[in-house]
Amino acid sequence: SGRYFPDGNFDLNLKAPLFITGDVKGTLKDGYMDALINNAYVDLGSVGQLLKDSYFTPLSGNGVGTLRSNGNINNPDIWGVLRADDIYFTLNSVPDILGPSSAELFLQGKEISLQPLQIDFSKDNFAHVNAQFIHEHWALDYFNVNISVYGDPKKGTRITETFYGIDVDGY
């Protein structure tokens with residue numbers, strides 16, 4: 001629900017079932033937007049449904065923070081920090097579900113950075129994951145996911161992937 005005023009100002013209250021909820025205040029004039037989203041809550045599982053064919057797919061988790069968006073309504077920059085908890089996700093090259101974990105997502109213009117997070121597999125086995133994403137026109141156009149696995153290699157993360165024609169299936 002919300003209101004749009006003749007001078008270009010608007011305020012919205014975003015609610016479920018949208019993947020992002022919160023209070024939005026801003027301006028929209030001639031295709032240019034400047035908006036602040038207070039009390040932003042992002043359902044990462046719903047975001048994952050939008051990314052079903054992606055290499056990286058969040059299955060669940062909740063992000064909370066404040067976001068600012070400005071620029072052309074078709075391709076705005078987004079700024080802010082989201083603190084995400086209870087994150088579970090999949091990667092195409094890892095057949096297991098990864099998580100749970102917590103992380104901070106930094107949004108800086110077109111770039112979204114997932115700061116290094118730790119996923120524990122057992123007492124002595126864990127992985128560090130970090131990622132960078134680029135969004136263009138409200139879609140993720142580019143991503144880079146790095147996983148570093150530590151501990152007993154036979155109790156770590158199974159990888160199944162083809163690299164330059166070589167099939168890999170192991171730990």
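Pro17 sits in the loop that runs between strand E2 (9-14) and E3; strands (E, at least two residues) and helices (H or I, at least four) are DSSP runs numbered from the N terminus. The exercises below concern a predicted model, in which local features need pLDDT of at least 70 and side-chain atom pairs count only at pLDDT 80 or more, while totals for chains, interfaces and linings use all residues. Residues are numbered from 1 along each chain as its sequence is written, and side-chain values use heavy atoms, with hydrogens and water left out.

**Exercise 1. Backbone geometry**

Determine which residue is joined to Pro17 by a cis peptide bond, and state where Pro100 lies.

Solution.
- Step 1. The general expectation is that most peptide bonds are trans and that most residues other than glycine have a negative phi.
- Step 2. Ala16 is joined to Pro17 by a cis bond, with omega about 20 degrees.
- Step 3. A cis bond also leads from Gly99 to Pro100, where omega is near 0 degrees. Pro100 belongs to strand E7.
- Step 4. Phi is positive, about 55 degrees, at Asn39, which is not a glycine. Asn39 lies in strand E4 (residues 32-43).
- Step 5. Asp86, likewise not a glycine, has a positive phi of about 55 degrees. Strand E6 contains Asp86.

**Exercise 2. Overall architecture**

Establish how many helices and strands the chain has, and in what pattern they follow along the sequence.

Solution.
- Step 1. The secondary structure consists of one helix and 12 strands.
- Step 2. In sequence order the pattern is β-β-β-β-α-β-β-β-β-β-β-β-β.
- Step 3. The C-alpha trace spans about 65 × 35 × 25 Å along its principal axes.
- Step 4. Of the 171 residues in the chain, 37% are buried; buried means under 20% relative accessible area, exposed over 50%, and partly exposed in between (1.4 Å probe, protein chains only).
- Step 5. Among contacts (heavy atoms within 4.5 Å) with a separation of 6 or more, 36% link residues 24 or more positions apart.

**Exercise 3. Two residues of strand E3**

Decide whether Thr21 is buried or exposed, and identify what Lys29 touches beyond four places in sequence.

Solution.
- Step 1. Thr21 is located in strand E3, and Lys29 also lies in E3, which comprises residues 20-29.
- Step 2. With a relative accessible area of 17%, Thr21 is buried.
- Step 3. Setting aside residues up to four places away in sequence, Thr21 touches Leu14, Lys15, Ala16, Asn39, Ala40 and Tyr41. Of these partners, Asn39 is exposed, at 57% relative accessible area.
- Step 4. Under the corresponding exclusion, Lys29 touches Asp7 and Gly8.
- Step 5. Lys29 and Ser69 are 40 residues apart along the chain, and their C-alpha atoms are separated by 14 Å.

**Exercise 4. The nonpolar core**

Identify the residues with the most contacts inside the largest nonpolar core.

Solution.
- Step 1. A nonpolar core is a set of buried Ala, Val, Leu, Ile, Met, Phe, Trp, Tyr and Cys residues joined through side-chain atoms within 4.5 Å.
- Step 2. The largest such core has 33 residues, and the most contacts inside it are made by Ile20, Leu67, Phe89 and Leu91.
- Step 3. The strand that gives the most to this core is E6 (residues 77-91), which supplies six residues.
- Step 4. Apart from neighbours within four places in sequence, Phe89 is in contact with Phe56, Thr57, Pro58, Leu59, Ile97, Leu98, Ile119 and Val129.

**Exercise 5. Salt bridges**

State how many salt bridges the whole structure holds, and explain which parts the pair Asp77 and Lys110 ties together.

Solution.
- Step 1. A salt bridge is a side-chain nitrogen of Lys or Arg within 4 Å of a carboxyl oxygen of Asp or Glu. The search finds four of them.
- Step 2. Asp77 pairs with Lys110, with the closest N and O atoms 2.7 Å apart. Asp77 is in strand E6 and Lys110 in the loop between strand E7 (94-109) and strand E8 (111-122), so this pair ties together parts 33 residues apart in sequence. Asp77 is partly exposed, at 24% relative accessible area.
- Step 3. Asp11 and Arg3 form another bridge, at 2.9 Å from N to O. Asp11 is buried, its relative accessible area being 14%.
- Step 4. Asp85 and Arg83 are joined at 3.6 Å, N to O. Asp85 is partly exposed at 31% relative accessibility, and Arg83 is partly exposed with a relative accessible area of 38%.
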